[in-house]
Amino acid sequence: KKLVVLISGEGSNLQAVIDACRQGRIAARVAAVFSNRADAFGLRRAAQADLPAHALPPAGFADRASFDRALCQAIDRYRPDAVILAGYMRILSPEFVGHYAGRMLNIHPSLLPLYPGLHTHRQALANGDREHGTSVHFVTEQLDGGPVVLQAKVPVFAGDDEANLVARIKTQEHDIYPLVISWLLDGRLELRDGAAWLDGAPL
Ligand code: GRF
């Protein structure tokens, strides 16, 4: 089976997925990586792993719909079984989301439904939260609003700053994201009537 991974930045989750595929923890391979930013460090990780690495910046496209159509066509050349958003920092058009319904996952660094959108770590700190975390979810039309499959919690300690929290959370992400991806590819996880189902039962 094949995965296409979309990134915008560092690509540490991409690396975790590449490693999990190579180690047989995910029954698939990464067929290609796409970034909307040409300078994303994750593109170098992909090249280092001998994977096709494409930068597709939105500049020059008339609107979101036309950019997403181009991205969709480029992705589908690889005939992926699943599309994995790993720090992809763009809003997706409804058409794009619909095209990959049930086979597109995202990881969002908060305990959803808390803090959809940007600056989750800053908000958790500002609110004095004692715990924070990350969520893997199916992608639906609502931004960071699709059904959650798995979350990991981390403590927030006095004196933590954003950088500490990011690091603590990413460590968890690198475990839970490959696990959920493996469930999807093994046919254990599905999106049914707007809910996530694992092993035939709703989560
Ligand atoms: C992760 O924290 C993920 O939850 C969020 O963006 C970050 C991406 O980090 N969506 P990386 O590029 O995988 O290191």
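Colleague: Which residues does UniProt list for "binding site"?

Modeller: In a predicted model such as this one, a record can serve as a starting point for reading the coordinates. The unreviewed UniProt entry lists R64, M89, R90, I91, L92 and N106 for "binding site".

Colleague: Is R64 buried, partly exposed or exposed, and where does N106 stand in that respect?

Modeller: The general idea is to count the C-beta atoms around a residue, and 20 or more others within 10 Å make it buried, while 12 or fewer make it exposed. R64, which lies in helix 3 (residues 64–76), has 16 C-beta neighbours inside 10 Å and therefore counts as partly exposed. N106 is found in strand 5 (residues 104–108), and because it has 22 such neighbours inside 10 Å, N106 counts as buried.

Colleague: Which residues does N106 touch, leaving out those up to four places away in sequence?

Modeller: With those sequence neighbours set aside, N106 touches L85, H137 and V139. One of these, H137, stands opposite V148 in strand 7.

Colleague: How should I read the sheet, and in what order do the 7 strands of the open sheet run?

Modeller: Strands of a sheet pair through backbone hydrogen bonds, in either a parallel or an antiparallel sense. The open sheet of 7 strands here has the order 3-2-1-4-5-6-7, and its pairing is mixed. Strand 3 (53–55) and strand 7 (148–155) stand at the edges with a single partner strand each, so one side of each is left without a neighbour in the sheet. On average, neighbouring strands of this sheet are turned by 20° against each other, with direction ignored.

Colleague: How many bridges join strand 5 to strand 6, and how many join strand 6 to strand 7?

Modeller: Strand 5 and strand 6 run antiparallel and are joined by 4 bridges, and L105 has F138 in strand 6 as its bridge partner. Strand 6 (residues 131–138) and strand 7 also run antiparallel, with 7 bridges between them, and here T134 has A152 in strand 7 as its bridge partner. As for its surroundings, strand 6 has 7 of its 8 residues buried, so it is largely enclosed by the rest of the structure.

Colleague: Which strands does helix 1 touch where it packs on the sheet, and which does helix 2 touch?

Modeller: To read such packing, one looks at the strands touched and at the angle between directions. Helix 1 packs on the sheet by touching strand 1 (2–7), strand 2 (29–35), strand 4 (82–85) and strand 5, and its direction makes about 165° with that of strand 2. Helix 2 (residues 41–48) packs on the sheet as well, touching strand 1, strand 2 and strand 3, and the direction of helix 2 makes about 150° with that of strand 2.

Colleague: Which residues in the largest nonpolar core touch the most other members?

Modeller: A nonpolar core is read as a set of buried nonpolar residues joined through their contacts. The largest one holds 46 residues, of which V5, V17, V33, I84, A86, L105 and V180 touch the most other members. Helix 1 (residues 12–22) supplies the largest share of this core, 6 residues. Apart from it lies another core, of 5 residues, which include Y115, A124, V156 and I169.

Colleague: What does V17 touch, and what is A124 in contact with?

Modeller: Leaving out residues up to four places away in sequence, V17 touches L3, V5, I26, V30, I84, A86, Y177, P178 and I181. A124, found in helix 5 (residues 120–126), is buried because it has 25 other C-beta atoms within 10 Å. With neighbours within four places in sequence set aside, A124 is in contact with Y115, D129, H132, V156 and L165. A124 and R64 are 60 residues apart in sequence, and 30 Å separates them in space, C-alpha to C-alpha.

Colleague: Which residues around the ligand come nearest, and which element gives the most to the shell?

Modeller: There are 16 residues around the ligand, and E10, S12, N13, G87 and P109 come nearest. Helix 1, strand 5 and helix 6 (162–185) are the elements that give two or more residues to this shell, and helix 1 gives the most, with 3 residues.

Colleague: In what order do the 3 strands of the other open sheet run?

Modeller: Their order is 8-9-10, and the pairing is antiparallel. Strand 8 (189–192) and strand 10 (201–202) stand at the edges, each having a single partner strand, so one side of each is left without a neighbour in the sheet. Strand 9 (residues 195–198) pairs with strand 10 over 2 bridges in the antiparallel sense, and L198 stands opposite A201 in strand 10.

Conventions. Residues are numbered from 1 along each chain as its sequence is written. This is a predicted model: local features need pLDDT of at least 70, side-chain atom pairs count only at pLDDT 80 or more; totals for chains, interfaces and linings use all residues. UniProt positions are given in the numbering used here, feature names are shortened, and annotations may be inferred rather than shown by experiment. Two residues are in contact if their C-beta atoms, placed from the backbone, lie within 7 Å. A nonpolar core is a set of buried Ala, Val, Leu, Ile, Met, Phe, Trp, Tyr and Cys residues joined through C-beta atoms within 7 Å. Two strands pair if DSSP finds at least two bridges between them. Axes are lines fitted to C-alpha atoms, for helices over the stretch in contact, and angles run from 0 to 180 degrees between N-to-C directions. A residue is near a molecule or strand if its C-beta atom, placed from the backbone, lies within 6 Å of it.
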